[in-house]
Amino acid sequence: MKTPGIRMIVLLILQTLWLGISHSADIASPKIDEEMFKQEEILKSEGEIRPEGYVINRSLSDYIDALPPGFGGALAKLGPNDRWLDIGAGEGQAILDYYNRSDVLGHSQTQERRGTKARAVAISIEDRRQPLWYSTAAGLETNQIQYFFNKRMRDYSIDVLGKFQVITDLLGGFSYTDQLSSFMDKVLQLLDLKGSFYTLLQDVKSEVGTNKPYYENSPYLTEIASADGSEVKVCSWLKSITCVEVTCELRTDWKPPVEIYHVHKVCSTVTVPALTRMSYGAGTPPERRFQLKK
Ligand SMILES: C[S@@+](CC[C@H](N)C(=O)[O-])C[C@H]1O[C@@H](n2cnc3c(N)ncnc32)[C@H](O)[C@@H]1O
């Protein structure tokens with residue numbers, strides 16, 4: 001921002017907009033507004049300005065390596081009437097590989113096989129599509145692959161997106177949202193019964209509790225406190241959601257370490273314990289604190 005005056009006006013406008021969309025109980029402060037503004041700049045960043053840590057083109061192999069072990073098999077099993085949603089897809093490279101690189105899932109690369117694949121939907125706040133996205137889409141049936149942008153996960157309705165058998169989020173909205181419980185609620189509305197959500201978080205207190213915050217004198221990247229202020233592990237919060245079976249696994253081969261999550265929907269009356277946003281610090285991914293509502 002060139003002058004403090006313009007910066008202040010922009011912040012005031014953003015504050016008004018964010019107040020309109022954030023939960024009224026969320027902690028609001030000029031500091032959080034400023035951090036949200038910085039985060040928006042990271043999301044929009046292009047070329048040399050894009051921070052090194054903001055990776056937007058992970059391959060399907062990267063997804064299979066990073067996400068819980070069942071993901072590759074679940075994707076391989078999907079048929080033409082099934083649907084895969086990738087939240088925070090960046091360039092959508094994983095979806096493009098699903099169509100163009102059948103060897104990754106162990107199928108022979110034939111036109112016939114392409115025709116039996118699931119439909120795939122990518123969501124990204126910013127439009128990161130490259131020429132390969134358009135050429136791949138042009139070679140497939142209409143809407144076989146779709147790319148939605150300009151909105152956050154919470155702004156979509158089921159009517160627009162429909163239901164999915166597999167949902168993934170590799171350092172997308174689950175890591176970046178400031179509305180973690182609303183985000184999870186939307187994911188589970190979109191997930192079909194018996195469907196699976198595969199995701200991860202960097203630098204959190206793991207279920208086994210053996211890890212410390214990765215950076216000395218810093219907190220974990222995502223923290224949840226109970227209503228009385230005591231620590232709640234992300235895994236425990238996920239496991240407290242009704243109608244889901246959750247597995248959590250700490251992986252220390254990542255730096256910082258990640259905890260990987262498989263959330264399997266087993267019945268329909270899902271209730272996600274609501275969280276209040278307490279603080280948010282821009283980053284790749286951001287630093288977030290939440291507290292369980294009473
Ligand atoms: C770091 S990139 C990750 C891209 C891709 N998953 C990869 O690993 O290469 C983050 C992605 O998450 C998206 N994102 C962040 N917050 C989101 C939200 N609340 N809803 C939907 N997408 C979100 C961004 O727009 C971007 O596409």
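In the predicted model, a nitrogen atom of the ligand is placed 2.9 Å from a polar backbone atom of L170. A second backbone contact involves G88, one of whose polar backbone atoms is 2.7 Å from a nitrogen atom of the ligand. A side chain also takes part: a polar side-chain atom of E126 is found 2.5 Å from an oxygen atom of the ligand. The surroundings of the ligand comprise 20 residues, of which R58, G88, S124, I125 and E126 come nearest.

The strands of the sheet were examined next. An open sheet is formed by 7 strands, arranged in the order β3-β2-β1-β4-β5-β9-β8, with mixed pairing. The edge positions are taken by β3 (145–149) and β8 (244–251); each has a single partner strand, so one side of each is left without a neighbour in the sheet. From one strand to the next, the twist averages 15°. Helix α10, which spans residues 180–190, lies across β1 (83–87), β4 (164–169), β5, β8 and β9. The helix runs at about 145° to β5.

Within this sheet, strand β9 (residues 258–265) is joined to strand β5 (residues 191–202) by 7 bridges, and the two strands run antiparallel. Between β8 and β9 there are 8 bridges, and this pair is likewise antiparallel. The connection from β8 to β9 is a hairpin of 6 residues. Individual positions illustrate the register of these pairings. On the β5 side, L200 has I260 of β9 as its bridge partner, while L201 stands opposite E259 in β9. L250 also stands opposite E259 of β9. In a regular strand, side chains alternate between the two faces of the sheet. Of the 8 residues of β9, 7 are buried, so the strand is largely enclosed by the rest of the structure.

V258 belongs to strand β9. The residue has a relative accessible area of 1%, and is therefore buried, the limit being under 20%. Apart from residues up to four places away in sequence, V258 touches L200, L201 and Q202, as well as E249, L250 and R251. V258 is also 9.1 Å from A66, C-alpha to C-alpha, although 192 residues separate the two in sequence.

The structure holds 2 disulfides. In one of them, C235 is bonded to C248, with the sulfur atoms 2.0 Å apart. The link between C235 and C248 is right-handed, with 85° about the S-S bond. C235 is located in helix α11 (residues 234–239) and C248 in strand β8, so this pair ties together parts that are 13 residues apart in sequence. Both C235 and C248 are buried.

The other disulfide joins C243 to C267, with an S to S distance of 2.0 Å. Here the torsion about the S-S bond is about -105°, so the disulfide of C243 and C267 is left-handed. The pair links distant parts of the chain, 24 residues apart: C243 is in the loop between α11 and β8, and C267 is in the loop between β9 and β10 (275–281). C243 counts as buried, at 10% relative accessibility. C267, in turn, is partly exposed, with a relative accessible area of 32%. When the bonded cysteines of the protein chain are numbered in sequence order, the pairing is 1-3, 2-4.

A further buried position is found in helix α2 (residues 30–44), which contains E35. The relative accessible area of E35 is 6%, so the residue falls under the 20% limit for burial. The side chain of E35 reaches the backbone nitrogen of A282 at 2.7 Å. With neighbours within four places in sequence left aside, E35 is in contact with Y280, G281 and A282.

Notes:
Residues numbered from 1 in each chain as written. Predicted model: local features only at pLDDT ≥ 70, side-chain atom pairs only at ≥ 80, totals over all residues. Heavy atoms only, no water. Pairing = 2+ DSSP bridges. Helix = DSSP H or I, 4+ residues; strand = E, 2+ residues; numbered from the N terminus. Axes fitted to C-alpha atoms, helices over the stretch in contact; angles between N-to-C directions. Contact = heavy atoms within 4.5 Å. Buried < 20%, exposed > 50% of the residue type's maximum accessible area, 1.4 Å probe, protein only. Polar contact = N/O pair within 3.5 Å; in protein donor to acceptor, adjacent residues only side chain to side chain. Disulfide = S-S within 2.5 Å. Near = heavy atom within 4 Å.
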